[in-house]
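This report describes the helices of one protein model, their packing, and several individual residues. Please consult the sequence and the coordinates alongside the text.

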Amino acid sequence: MHISERDGTFTVQHVTGPTHNMLRLTVGRGKSQEFVVTVLPPIGECRHHNGLTAQEVAPAILAGLADANAALKTDFIVTAAEIVENDSRRQGIYEYLTRKIIERAAETQRP
């Protein structure tokens with residue numbers, strides 16, 4: 001797993017053999033707000049399914065965000081998200097990736 005950050009936008013790439021997922025989140029602090037999940041076009045030739053949708057991934061992002069905020073006692077919010085349409089559909093992966101991004105955000109924003 002690789003996590004990078006640029007100007008408050010975190011990208012995590014998780015590739016394990018035949019499965020692969022990328023999640024990009026722009027995060028901030030404060031009161032929860034709605035955010036848009038942008039589905040990026042397919043990368044490469046693989047097709048695991050008919051394609052990921054924003055509607056199926058958004059609840060997982062919210063769940064991972066809530067878990068991370070509760071564990072860290074923080075108030076991070078997501079202001080934008082991006083996924084890749086032909087990434088692997090795996091139970092729980094976007095919750096996990098969101099938690100990892102929020103953990104990294106908490107580390108980088110310590111006083």
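A residue is called buried when its relative accessible area is under 20%, exposed when over 50%, and partly exposed in between, using a 1.4 Å probe and protein chains only. The model is predicted, so local features need pLDDT of at least 70 and side-chain atom pairs count only at pLDDT 80 or more, whereas totals for chains, interfaces and linings use all residues. Residues are numbered from 1 along each chain as its sequence is written, and side-chain values use heavy atoms, with hydrogens and water left out.

**Helices H1 and H2**

Helices (H or I, at least four residues) and strands (E, at least two) are DSSP runs numbered from the N terminus. The expected span of a helix is 1.5 Å times one less than its number of residues. Both helices are set out below.

| Helix | Number of residues | C-alpha span, first to last | Expected span |
|---|---|---|---|
| H1 | 19 residues | 26 Å | 27 Å |
| H2 | 16 residues | 23 Å | 22 Å |

For H1, the end-to-end distance agrees with the expected value; for H2, the distance is close to the expected one.

The buried residues of H1 are Ala54, Val57, Ala58, Ala60, Ile61, Gly64, Leu65, Ala68 and Asn69. They pack against strand S3, strand S4 (36-40), strand S5 and helix H2, where contact means heavy atoms within 4.5 Å. In H2, the buried set consists of Ile93, Tyr94, Leu97, Thr98, Ile101, Ile102, Ala105 and Ala106. These residues pack against strands S2 (9-16), S3 (19-29) and S5 (76-84), as well as helix H1 (54-72).

**The H1–H2 contact**

The axes of H1 and H2 come within 7 Å and cross at roughly 40°. Axes are lines fitted to C-alpha atoms, for helices over the stretch in contact, and angles run from 0 to 180 degrees between N-to-C directions. Angles under 35 degrees count as roughly parallel, over 145 as roughly antiparallel, 65 to 115 as roughly perpendicular, and the rest as oblique. H1 and H2 are therefore oblique to each other.

On the H1 side, the contact includes Val57, Ile61, Leu65, Asp67 and Leu72; on the H2 side, Tyr94, Glu95, Arg99, Ile102 and Glu103 are among the residues met. By class, the contact of H1 with H2 has ten nonpolar, three polar and four charged residues. Here Ala, Val, Leu, Ile, Met, Phe, Trp, Tyr, Cys and Pro count as nonpolar, Asp, Glu, Lys and Arg as charged, and the others, Gly among them, as polar.

**Individual residues**

Most residues other than glycine have a negative phi. Aspartate 7, in the loop between strand S1 (2-6) and S2, has a positive phi of about 55° although it is not a glycine. Aspartate 7 counts as exposed because its relative accessibility is 73%. Just after H1, lysine 73 likewise takes a positive phi of about 55°. Lysine 73 lies in the loop between H1 and S5 and is exposed, at 75% relative accessible area.

Alanine 70 belongs to helix H1 and is exposed, with a relative accessible area of 57%. The C-alpha atoms of alanine 70 and histidine 2 are 24 Å apart in space, the two residues being 68 apart in sequence.

Histidine 14, in strand S2, is buried, with a relative accessible area of 11%. Leaving aside neighbours within four places in sequence, histidine 14 is in contact with Met1, Thr19, His20, Asn21, Arg90, Ile93 and Leu97.
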